[in-house]
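Subject: Structure handover

Hi,

Here is the structure I promised to pass on. Please open it before reading further, and keep it beside this email.

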Amino acid sequence: MIGTLALLPLGWLRDPAERALSARLGRPVRIGAVERAGNPSLVPLLRLRDVRVAQPGWVGAGDMLVVRAAELRLPLLPLLRGVVRPRALRVSGLRLALVRDADGRANWTQADSGGGRTDWGELTVSDGRITLSDARRGMKFDGALTSAPAGLRLDAAGTHRSTPARFALRGGRVSGGAWPFRAAFRSPLAQLRLDAVAERPFGFDRFDGIVSAAGRDLERVDDVIQAGLFHTQPLSLRAKVRHDGTAWALTAVRGRIGGSDVTGRLTVTRQDGRSRIEGRLASDSFSFDDLASDAQLARGAAKRRTIGPRIIPDPKIDLAKLARTDGRLVVEARRLRTRERSILRGLSATLTLDRSRLVADPLVLPMAHGRMEGRAEIDQRAGAPPRLALSLAMIGARLEDFIDGGKVTGPLNGRIVLAGRGKTMRAALAQADGRVTLAARGGSVDRAAAELLGRNAGAAFSTLLGDEAQRTPLRCLGVRMRAARGMLRPDLLAIDTGVMRGEGRGWVRLSDEQVALTLDGRSKHPGLVRLPAPIEIGGTLSAPTIETADAGIGSAKTILRTLGAAIGNLFRKREAPAPDMNCAALIAQVSR
């Protein structure tokens, strides 16, 4: 029987081969002819002519693969077990047309992988040509492919998002065993290089190597690696890489994105159509601006010119691009760099992403003094817009870090519990519900400012005219605000100093950071000249203003009204001194 198999003509293989390949690739496969070359053998030399694999229907007419002629030495006995294990393959006149549309459909994706791999033995290719048209990545290439005993060589030229680009692949001899290769991509937008060793020729699913990447923007680098990355400033990164089936492991990651240094390790695995990221990233000096392109930064600057400076940052929190990504990532920025003045000095967090729900817990934000710590959550499981929830405690802060000029100093603690929906942090907080509390005990206040808050104009004026700045103790400060749809309203706002005490009311609107608070103060040593109206704090969180309810402090109208009030007070009973607040009770009430 074995001898008969060796003597049989092999043209009968054409029809079953066409059917098997058509079923495996999900598209018509045609073989013009199959014939034996040479003497009868159980490992015959087969000669194939005019092999064609059609394009899938969505591409249109034409062929994805054309081979003018091919010779392969194929053991026949393994065929009886359904195993294709050629010992050598020689191809000439190869034409391969790769296509991917804007939705990500690729003609090289097989309808049925067949459940195994084919080891081609020694491969020789002459007169090979490969073209690529990738609408999703904005790439077009046309290159020559050869494979000879000296090794494999592919050189392609084309465009990357309308800029000139080149791709080169060099590999060792294609003859089985470990296979060293080098791939390089270069365009004005992105440059990548991979030096690696695969387990076998064309074993791009399992290899170890060194990868380097540079470019104007990480999203342009992502045109090549397709990992769902985002816009950044120019970058230069290098790492050790291991690819093992569905897993990628990047270790010894080192480089820069914009002005931010980056070190760490990452593992990315794919299963059931989802990606999972695990790892740790750190930076000694980091700026969030480096995670935006020049165009995004320009739009942000134009927005700031229109609406003015803001305290609340405005990063996007939409997780739509991460809908099929999960994972756990530990991040640390030992120093934060910002364009504008900020009390934040660093950041550390453990980020957990699970089916469109991102949690930072623990989240620690070191400040100039003290820190903020707690938890932040972005939840988009119910669809857009995402829900942002913050629960942060402020510990060991200082009032002077928030108020310029040293008018008020002292320790400050607080808590922020807010939740709202929006595509950006600012938009979500503009609709937020929750509460904000602040408590301070000990410290000092500029005495002139305190006298004005107590409406004791005479004492304030005399203090301002003194030779040296005078201060008075800050006994306590308590603020408890309830948030409803982005409006913060105090149900408790009180301050007690060595010379005055006061209670307040009003609101703070988070959408535009407008402030409208009224502080009605009472002096602990009232004089003849008393301001006729309470103090109003207006403006914005980044640029607050202080004035009387009737007119600005120091305005002609206020001075005249104050002088009039002073004359009137000569004939009235003087106001009783305000007593000290129970500061322990105030702080306890704030903390409830």
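Below is what I found, from the whole chain down to single residues.

The overall picture comes first. This is a predicted model. The chain has 592 residues, and 41% of them are buried. Its secondary structure consists of nine helices and 30 strands. Take the contacts with a separation of 6 or more: 51% of them come from residues 24 or more positions apart.

Next, the cores. The largest nonpolar core holds 52 residues. Seven leucines touch the most other members, among them Leu 363, Leu 388 and Leu 488. Click on Leu 363. Leaving aside residues up to four places away in sequence, Leu 363 touches Ser 348, Ala 349, Met 372, Glu 373, Gly 374, Ala 376 and Leu 392. There is also a second, separate core, with 45 residues. Ala 70, Leu 89, Ala 156 and Ile 257 are included in that one.

Now look at helix α3, residues 218-225. It is mostly covered, with six of its eight residues buried. Those six are Leu 218, Glu 219, Arg 220, Val 221, Asp 222 and Asp 223. They pack against five strands: β6, β7, β10, β11 and β12. Check both ends too. At the start of α3, a side-chain oxygen of Asp 217 comes within 2.9 Å of the backbone nitrogen of Glu 219. Just after the helix, Gln 226 has a positive phi of about 55 degrees.

One loop residue deserves a stop. Asn 107 sits in the loop between β4 (88-100) and β5 (122-134). Is Asn 107 buried or exposed? Its relative accessible area is 0%, so Asn 107 counts as buried. What does its side chain meet there? A polar contact of 2.8 Å links it to the side chain of Gln 55. A polar atom of the Asn 107 side chain also lies 2.8 Å from the backbone oxygen of Ala 97. Residues that Asn 107 touches, beyond four places in sequence, include Arg 27, Trp 58, Met 64 and Val 99.

Last, the second largest pocket. It encloses about 160 Å³ of space. Its lining includes Asn 413, Arg 415, Arg 435, Thr 437, Ile 587 and Arg 592. Three elements give two or more residues each to this lining: β22 (411-421), β23 (433-440) and α9 (583-590). By type, the lining splits into three nonpolar, four polar and three charged residues.

Over to you.

Best wishes

Terms used: Residues numbered from 1 in each chain as written. Predicted model: local features only at pLDDT ≥ 70, side-chain atom pairs only at ≥ 80, totals over all residues. Heavy atoms only, no water. Core = buried A, V, L, I, M, F, W, Y, C linked by side-chain atoms within 4.5 Å. Buried < 20%, exposed > 50% of the residue type's maximum accessible area, 1.4 Å probe, protein only. Contact = heavy atoms within 4.5 Å. 1 Å grid on protein atoms, 1.4 Å probe; cavity = no way out; pocket = protein on both sides within 12 Å on 5 of 7 lines; lining within 4 Å. Points joined across faces, edges and corners; volume = space filled by probe spheres on them. Helix = DSSP H or I, 4+ residues; strand = E, 2+ residues; numbered from the N terminus. Nonpolar A, V, L, I, M, F, W, Y, C, P; charged D, E, K, R; others polar. Polar contact = N/O pair within 3.5 Å; in protein donor to acceptor, adjacent residues only side chain to side chain.
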